[in-house]
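Me: I've got a protein model open on my screen and I don't really know how to read it. Could you walk me through it, one feature at a time?

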Amino acid sequence: ADKFRQAGLEVTIEEFGMSPQAVPVAWAVNVRGGDETLDLTSASPIITFDRYMPTATGDLNLDVAWVGLGMASDFVGKEVRGKAVFIYSVPTPSSLIQSASWMGSLRRAQEAGAAAIVVVLAIPGNMAFVSHVQGLANDRKVPVFTVGLDDGEKVETLNAALAATNRPLRAHLQWTVETT
């Protein structure tokens, strides 16, 4: 401001209040089945996590439902109510625009009663990234996380092996969100 004044400019300073902002500060996602536990180290809450989380802190233990791309036919015969629903999502062209959003997969899981949603983003490697998703209904609270492809493929492999022997795959999801 002083430099602008020295240059002969009129300077007006106004204060703007900042609205409270909720930010995830801690989280963890793992799955377990049989004797195996997979810590999904790439897990991240979505950018708008605070809009969809049911509570500021959470600790859920849920059965897993793997629904592939999450198209309507992928849900046929699958009970997802009260479960952690894993959806495979193709970036088109990036993590900001992805198939789980534009194909309606997220909303489909939400409307079918999913207790949590985990989006496996099909970008090679195991990127830990914060993405945003579109298509969720604002009136249903369900925590949504993303995981990298390597973690997602490990979950799918374990899920398939357990399904062949009728054993369940369970997910443990935790989060803490602080408002400042």
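Reply: Sure! Let's start with exposure. Asn 166 has a relative accessible area of 73%, so it counts as exposed, the cut-off being over 50%. Keep in mind that this is a predicted model.

Me: Where is Asn 166 found?

Reply: Look in the loop between α6 and β10. Its backbone is worth a glance as well: the phi of Asn 166 is near 60°, a positive value in a residue other than glycine.

Me: And a glycine with a positive phi, where would I see that?

Reply: Go to the hairpin of β1 and β2. There are 2 residues between those strands, and Gly 34 takes a positive phi near 60° there.

Me: How do β1 and β2 run, and how many bridges join them?

Reply: They run antiparallel, with 4 bridges joining them. To see one pair, pick Val 31: its bridge partner in β2 is Leu 38.

Me: Okay, let's zoom out. In what order do the strands of the sheet come?

Reply: Follow them across: β2-β1-β10-β4-β5-β8-β9-β3. That's 8 strands in an open sheet, and the pairing is mixed. The edge strands are β2 (36–39) and β3 (44–45), each of which pairs on one side only.

Me: Which helix packs on the sheet?

Reply: Helix α6, residues 149–163, does. Among the strands it touches are β1, β4 and β9, and its direction makes about 160° with that of β2.

Me: You said "mixed". Where can I find a parallel pair and an antiparallel pair?

Reply: Take β4 and look to either side. With β5 (residues 84–89), strand β4 (residues 57–66) pairs in the parallel sense, over 3 bridges. Two residues show you that pairing: Val 64 has Ala 84 as its bridge partner in β5, and Ala 65 has Val 85. With β10, β4 pairs in the antiparallel sense over 7 bridges. There, Gly 58 stands opposite Trp 175 of β10.

Me: What do side chains do along a strand like that?

Reply: As a general idea, in a regular strand they alternate between the two faces of the sheet. For a strand residue to explore here, try Gln 174, which lies in β10 (residues 170–179).

Me: Is Gln 174 buried, exposed or partly exposed?

Reply: Its relative accessibility is 32%, so Gln 174 counts as partly exposed: under 20% would be buried and over 50% exposed. Leaving out residues up to four places away in sequence, Gln 174 touches Ala 26, Trp 27, Ala 28, Gly 58, Asp 59 and Phe 145. Try a distance too: from Gln 174 to Pro 143, C-alpha to C-alpha, is 9.7 Å, with the two 31 residues apart in sequence.

Me: How does a buried strand residue look?

Reply: Click on Thr 146, which is found in strand β9. Thr 146 has a relative accessible area of 0%, and therefore it is buried. Not counting neighbours within four places in sequence, its contacts include Ser 42, Ile 46, Val 119 and Phe 129.

Me: What about loops? Is Gly 70 buried or exposed?

Reply: Gly 70 sits in the loop between β4 and α3 (72–75), and it is buried, with a relative accessible area of 0%. Beyond its neighbours within four places in sequence, Gly 70 is in contact with Phe 75, Ile 87, Ser 105 and Arg 108. Now set Gly 135 beside that: this glycine is in the loop between β8 and β9, and at 36% it is partly exposed. The C-alpha atoms of Gly 135 and Ser 101 are separated by 5.6 Å, although the two are 34 residues apart along the chain.

Me: Last one: how does anyone find a pocket?

Reply: The idea is to roll a probe the size of a water molecule over the atoms, which shows where empty space is left. In this model, the largest pocket has a volume of about 160 Å³. Residues lining it include Asp 63, Trp 66, Lys 78, Asn 159 and Leu 169.

Me: Which strand gives the most to that lining?

Reply: β4 does, with 4 residues. The lining as a whole divides into 5 nonpolar, 1 polar and 4 charged residues.

Notes. Residues numbered from 1 in each chain as written. Predicted model: local features only at pLDDT ≥ 70, side-chain atom pairs only at ≥ 80, totals over all residues. Heavy atoms only, no water. Pairing = 2+ DSSP bridges. Contact = heavy atoms within 4.5 Å. Axes fitted to C-alpha atoms, helices over the stretch in contact; angles between N-to-C directions. Buried < 20%, exposed > 50% of the residue type's maximum accessible area, 1.4 Å probe, protein only. 1 Å grid on protein atoms, 1.4 Å probe; cavity = no way out; pocket = protein on both sides within 12 Å on 5 of 7 lines; lining within 4 Å. Points joined across faces, edges and corners; volume = space filled by probe spheres on them. Nonpolar A, V, L, I, M, F, W, Y, C, P; charged D, E, K, R; others polar.
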